[in-house]
Amino acid sequence: MIPYGKQDINQQDIDAVIDVLKSDFLTQGPQVPAFEQAMQKQCNAKHAIAVNSATSALHIACLALGVSKGDLVWTTPISFVASANCALYCGASVDFVDIDAVTYNLCSAKLEEKLIYAKANNLQLPKVLILVHLSGEPCEMLEISKLAKEYHFSIIEDASHAIGSEYKGNKIGSCQFSNITVFSFHPVKIITAGEGGVATTNDVELADKMLLFRGHGITRDTQQMVGESHGDWYYQQITLGYNYRMTELQAALGLSQLNRLEAFVERRNVIAEYYDQELQNLPIHLPTQKSEHKSSRHLYIIRLELQKISHSHKGVFNAIREKGVGVNLHYIPIHLQPYYQGLGFKEGDFPTAEKYYREAISIPLYPQMSEMQLDEVCAVLRIVLV
Ligand SMILES: *Cc1c(COP(=O)(O)O)cnc(C)c1O
C-alpha cells in the first residue's frame, strides 16, 4: 500500500538522535533551546517554545491568551479535533465558522457575517479565533486580522500543516497577523520530531506565560517570585501548569529535520504540480493554490464531482484503497463528532464543511514518493473515477 503520508528519516537524523542518547541529557539539555532558536530563525519570530505536541502547544496558547470558563473560541469545522478541544480544556465554549468552498479554510466573509450577526444580536463574541492553514494553503490573514482589531479577539494560527508556507511573503510562524502560531512534528507532518510541537510569538508576555504553562507553572526567576528566594535550590509554583516538555531526543530529530525543510517543501510542490497536470481531465476538483502564497503542500485533497461518477464517495474511496493506494480523508467535520453533537451541534450547522466532507479524498503525498508510485496513483484514479 502506498501510504498517504510518510516521514523521511536519513542517516543524519539517526546520528543526531544517537548522539543525544550517548550524551548527559535526555531531557532539559541543550537540544531543546537549539531547536527553539532554529524555529525562531525559520519563522522569523521573536520567541519559540517547544512542547511535546501541537495539541499541548494549542492548549498553552489558549491559556496564555487568557481563555477560561465563560469565554468563547471560534475555529473551523474542517480540522483535526485538537484545534477545537484546546478551548474546551480551558473550560471555554467552542463555535465554528464555515469554510470557504474553494480553499477549504475558514471563510473570512462568513467570519465577518457571523461577527456582525453576533454583535447586532448582543450575542457573545469570540475571545480567540483559531485558524488552520489546511494542507499548507494560508488563510486570508489580512482580512481576518482586520476583523480581529475591530471585534477585539486574538488569533492563534494552527500551522500544523504549514511549516515552510508563506503568506504574501511572510513566513508562516512570523505571527505578522496573529498572536501565536502553533506547529506539529507528528511523523505525518512536513518535518517530524517523533511527536512534538512549537508555539511561536513576538509577544514576550505571551512567551513567558507559555513557558510557565509548559513546566508545571514553576519559575526559578526571582523577578517572578512572590517574596524572597530561599536560596539556590528554590523555585516557586505561581500558576497551575503542566508537564508538556519536549525531550532532547525529539528536539535533536526536529533540529536535524529542519535542515531539510526547504528540500521537503520543494519536493512536495513538484509532486503536487505533477498531480495538477496528470489529473486535470478527471471528474474531480483539484486543490486551489493562490499564486501570491507559498504552500508547504502538506496534503493533496481532491473533491469528487459525484454527479459525473458512477460510484459513491465511499465506493471510490474503497476502490482506490483496494488497488493499493492509501487514500485518507481530512477531516470529518468536528461538529459532527459525537462528543460535539453532545455539546449541541447538529448536522446542517455548517453546510459547506459538510458538503466538502461528502466529496473530499486526500491522495498520497510525501517527499520520498517515486515517479513509479506517482504514476500508479494517477493510473488507479483514472480507472476508478468513471
Ligand atoms: C496534526 C494536527 C494537530 C495535532 O498535532 P499533534 O502534534 O499530533 O498534537 C492539530 N491540528 C492540526 C490541523 C493537525 O493537522
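Where in the chain is the place of Y331? Y331 sits in the loop between α10 (313–322) and α11 (338–341). Keep in mind as you look around that this is a predicted model. Y331 makes a good starting point, since the peptide bond from H330 to Y331 is cis, with omega near 5 degrees. For background, most peptide bonds are trans, and most residues other than glycine have a negative phi.

**Backbone oddities**

That second habit has its exceptions here too. S135 is not a glycine, yet its phi is positive, at about 60 degrees. You'll find S135 in the loop between β4 (128–132) and α6 (141–151). H152 isn't a glycine either, and its phi is also positive, at about 60 degrees. H152 belongs to the loop between α6 and β5 (154–158).

Are S135 and H152 buried or exposed? S135 is buried, with a relative accessible area of 13%. A residue counts as buried under 20% and as exposed over 50%, so H152, with a relative accessible area of 67%, is exposed. One more positive phi turns up at N44, the residue that follows α2, where the angle is near 65 degrees.

**Helix α2, face by face**

Let's move to α2 itself, which covers residues 31–43. How far should the 13 residues of α2 span at 1.5 Å a residue? They should span 18 Å, and because the end C-alpha atoms of α2 are 18 Å apart, expectation and model agree.

Now look at which residues of α2 are hidden. V32, F35, E36, M39, Q42 and C43 are buried. If you look down the axis of α2, these buried residues fall within an arc of 125 degrees, so they line one face of the helix. On the other side of α2, Q37 and K41 are exposed.

V32 is worth a closer look. This α2 residue counts as buried, at 8% relative accessibility. V32 touches A50, R214, M246, T247, E248 and A251, leaving aside residues up to four places away in sequence. Two of those names, E248 and A251, will come back when we get to α8. By contrast, the C-alpha atoms of V32 and L125 are separated by 37 Å, and the two residues are 93 residues apart along the chain.

**α2 meets α8**

Two packed helices are described by the angle between their axes and the distance between the axes. For α2 and α8 (residues 248–258), the angle is about 30 degrees and the axes are 8 Å apart. Their crossing is left-handed. On the α2 side, the contact is made by Q31, V32, A34, F35, A38, M39 and Q42, while α8 brings E248, A251, A252, G254, L255 and L258. Sorted by character, the residues of this contact divide into 9 nonpolar, 3 polar and 1 charged.

How many of the 11 residues of α8 are buried? The count is 9, so to speak of α8 as mostly covered is fair. The buried ones are E248, Q250, A251, A252, L253, G254, S256, Q257 and L258. What covers them includes α1 (11–21), α2 and α9 (261–278).

**Three more residues to find**

Here are three residues from other parts of the model, each paired with a partner along the chain.

| Residue and place | Relative accessible area | Partner and sequence separation | C-alpha to C-alpha distance |
|---|---|---|---|
| M210, helix α7 (204–214) | 0%, buried | A57, 153 residues | 8.4 Å |
| E112, helix α5 (108–120) | 36%, partly exposed | V97, 15 residues | 9.6 Å |
| I238, loop between β11 (236–237) and α8 | 33%, partly exposed | G254, 16 residues | 31 Å |

Which residues does M210 touch? Not counting residues up to four places away in sequence, M210 touches I49, I60, A61, A64, I180, A199 and T201. With that same kind of neighbour left out, I238 touches L212, G217, T219 and Q224.

The pair I238 and G254 also leads back to α8: I238 lies in the loop between β11 and α8, and G254 is one of the α8 residues in the contact with α2.

Conventions. Residues numbered from 1 in each chain as written. Predicted model: local features only at pLDDT ≥ 70, side-chain atom pairs only at ≥ 80, totals over all residues. Heavy atoms only, no water. Axes fitted to C-alpha atoms, helices over the stretch in contact; angles between N-to-C directions. Helix = DSSP H or I, 4+ residues; strand = E, 2+ residues; numbered from the N terminus. Left-handed = near helix turned anticlockwise from the far one by under 90°. Contact = heavy atoms within 4.5 Å. Nonpolar A, V, L, I, M, F, W, Y, C, P; charged D, E, K, R; others polar. Expected span 1.5 Å × (residues − 1). Buried < 20%, exposed > 50% of the residue type's maximum accessible area, 1.4 Å probe, protein only. Arc of directions from axis to C-beta.
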